[in-house]
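Okay, thanks for squeezing me in. Let me put the structure up, and then I'll walk you through a few spots in it.

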Amino acid sequence: MATVTLTLADDVAVITIDNPPINATSHSVRAGLVDALDKIEKDTAVKAAILICDGKTFIAGADVSEFGQPPKNPILPDVIKRLEASTKPVIAAIHGHALGGGLEVALGCHYRIAVISAKLGLPEVNLGLIPGAGGTVRLPRLISTENAISLITSGKPVSASAASDMGLIDAMAHGELIDAAKDFAKTIINHPCPTPLVDRAPVDPLGDDQWQETFAAVTKKARGQIAPQIAATAIRTGIEQGGAAGLTHEREKFVELRDSDQSKALRHIFFAERSVGKLPDIDGVKPNTLSEIGVIGGGIMGAGIATASLLVGFNVKIIERNEDACATGQATVEKHLTGSLKRGLISQERFDSVMASLSTSMDYADLGNADLVVEAVFEDMSVKHDVFGKLSLYCKPTAVLASNTSYLDINEIAAKCVNPARVIGLHFFSPAHIMKLLEIVRTDKADAKTLATAFAFAHKLGKIAVPCGVCDGFIGNRIMSAYRKHCEYMLEDGALPHQIDDAMVAFGFPMGLFDMQDMAGLEISWATRKRLAPFRDPSERYVALGDYLCEMERFGKKNGLGWYRYDENGKAQPDPDVDALVIAESAKKGITRRDFTHDEIIETILSAMQNEGDKILAEGIANSPDAIDVVMINGYGFPRHKGGPMFLTNPHHGTR
């Protein structure tokens, strides 16, 4: 079946691409486009052409499977030049997503029309690349240079309305896209073709000082990733040296980046995120229908889970212990949604509708219609047992019962339920309405229906779902506990908290371990250490510094004192009192302190991550090294352009 077809409607030709699922610019599409353009050029009856796609989307990118293979002509840059050279105007009719090579194709067309729901972008930097088919040259000749830099270096798509405001599209389609495109064609059919973008003057080019500020901002935001900086340089080259020179420079840098370690790492995690949630056990298993979600506990985590569920259309009921707690939970959800309203992510109408879908109660019997219930209460086994006993009593037999516990044994929780086959772990990451990661913890007796429903729920929430087995801390917290232990050893051996954190930030983490602990609250890990104390091997090295801080009521950022001291603006400053406490502990234990370089600190952290990762794989807690990489990147800030701790150990296991 042809991936590109050509039909004629009066004097307008319609070129249709049908290459599911994303209409990628594979070789057959590229060749088909050139063939269609040749036929249009020769047909004197054709006055204009529309380029449109079948299925759910416009062209949403290149065929990544062709990476690493010898290029087959025609390559995409030449196809786009051929589009630009058409003597008959070509209109790109956009629905779904026009991303990467798809948007570059649209830029090669003379006009662009889009439906209101469309999204447009150049996300190549997310794969460690820059646009390779003219995006850095053509875009700043259609929209302002500032907007072009933002689109290309961030990799974030924009809505059709935002694209229209920028000047990226010429018209919005109302009604059927093809009909709107044909109507638009009538308005331009007798006009000469516009000057190709590559030959136009840049829009609002920047001065030298503006460029310096731009490079500094892009570099800071990239945190060690090189593609955004190279993209900004490519844009400037195209503007200052002309379109032809810009295209040559862009292509050279694209090919160079395509073979880079960073791009290989980013492509690895791109594929890993899409594959880790595919379980053979639930292939073909129909999940339960989900409409109403119950949340036990309206604290920070519970309110976040409720918010995430509300935003995707579920009715949500929060169960709390008293009226004050119910009011607090509802207020927290309202605060989250108000933030989305202020940022323009939802409308006032949507806000009102979502809030109307939320209710609170103190009576577990009100969960009788819930299809899935997530428990998010205090990390205490007796409390969990009490909650799940009530859920077993009041929830309908088909309801999936989930615990959001971070560390506790979910098999033990499930054992207290009438039907343990419907119990599962759903470990959200805070803030739950923002963080994309969700560990789905499979209990020993969870059945395929329960698993399928849990993954369906995660998919509806837009989460990256990673399956894992039951153990203390599952995948992410178990690995974090391992490298935190080694960071604490380094404190006693000679490092200071800010030195370890500085090394982690320099490596590419958004924040260091001790900064992150202060953000979360030190009492959380303190409670875990106290819970595990009776089972600790007496011969194991134990660092009590975190316990000392909690005993001094230094709980982190929330009360202004933790590993750091926080000023009135909430900014962390190294605290001489903590440094003195660390040094005194070394002396107390008879440890001679020494200096640590950034490289030594990172090597120690990576080794701890990788060693614990190997144990997790050997025990079957994680299904693959990819699962560990996905968890550490999406839940713990491991730098994405490094590919994950397991990828760094063996970069060949996931290279695409």
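One term before we start: when I say buried, I mean under 20% relative accessible area. And keep in mind that what you're looking at is a predicted model.

So, Cys471. Is Cys471 buried or exposed? Its relative accessible area is 16%, under the 20% cut-off, so Cys471 counts as buried. What about a partner for its sulfur? The closest cysteine sulfur belongs to Cys468, 7.2 Å away, and that's too far for a bond. For a disulfide we want the two sulfurs within 2.5 Å. By that rule the count comes to 0 disulfides. Cys417 is in no disulfide either, with the nearest cysteine sulfur, that of Cys395, 9.6 Å away. Cys417 is buried as well, at 7% relative accessible area.

Okay, zooming out for a second. The protein has 656 residues, and 54% of them are buried. In secondary structure we get 26 helices and 19 strands. The C-alpha trace spans about 85 × 60 × 45 Å along its principal axes. What about the radius of gyration? A compact globule with 656 residues would be near 26 Å, and the protein comes in at 28 Å, which agrees. And if you take contacts between residues at least 6 apart in sequence, 73% of them join residues at least 24 apart.

Next stop, Ser403. Ser403 sits in strand β14, residues 400–403, and its relative accessible area is 0%, so this one is buried too. Which side chain does Ser403 meet in a polar contact of 2.5 Å? That's Glu375. Leaving aside neighbours within four places in sequence, Ser403 also has contacts with other residues, including Lys384, Phe388, Ile413, Ile424 and His427.

Last bit: a little sheet story. There's an open sheet of 3 strands, in the order β5-β7-β8, with mixed pairing. Why are β5 and β8 the edges? Each of them, β5 at 97–99 and β8 at 158–159, has a single partner strand, so one side of each is left without a neighbour in the sheet. Then there's helix α3, residues 101–108, which packs on the sheet and touches β5 and β7. The direction of α3 makes about 90° with that of β5. As for the strands themselves, β5 and β7 (residues 119–121) run parallel, joined by 3 bridges. If you want a spot to click on, His97 stands opposite Lys119 in β7.

That's my tour, happy to scroll back to any of it.

Conventions. Residues are numbered from 1 along each chain as its sequence is written. This is a predicted model: local features need pLDDT of at least 70, side-chain atom pairs count only at pLDDT 80 or more; totals for chains, interfaces and linings use all residues. Side-chain values use heavy atoms; hydrogens and water are left out. Buried means under 20% relative accessible area, exposed over 50%, partly exposed in between (1.4 Å probe, protein chains only). Helices (H or I, at least four residues) and strands (E, at least two) are DSSP runs, numbered from the N terminus. A polar contact is a pair of N or O atoms within 3.5 Å; within protein, one must be able to donate a hydrogen and the other to accept it, and residues adjacent in sequence count only if both atoms are side-chain atoms. Contact means heavy atoms within 4.5 Å. Two strands pair if DSSP finds at least two bridges between them. Axes are lines fitted to C-alpha atoms, for helices over the stretch in contact, and angles run from 0 to 180 degrees between N-to-C directions. The radius of gyration is taken over C-alpha atoms; the globule rule is 2.2 Å times the number of residues to the power 0.38.
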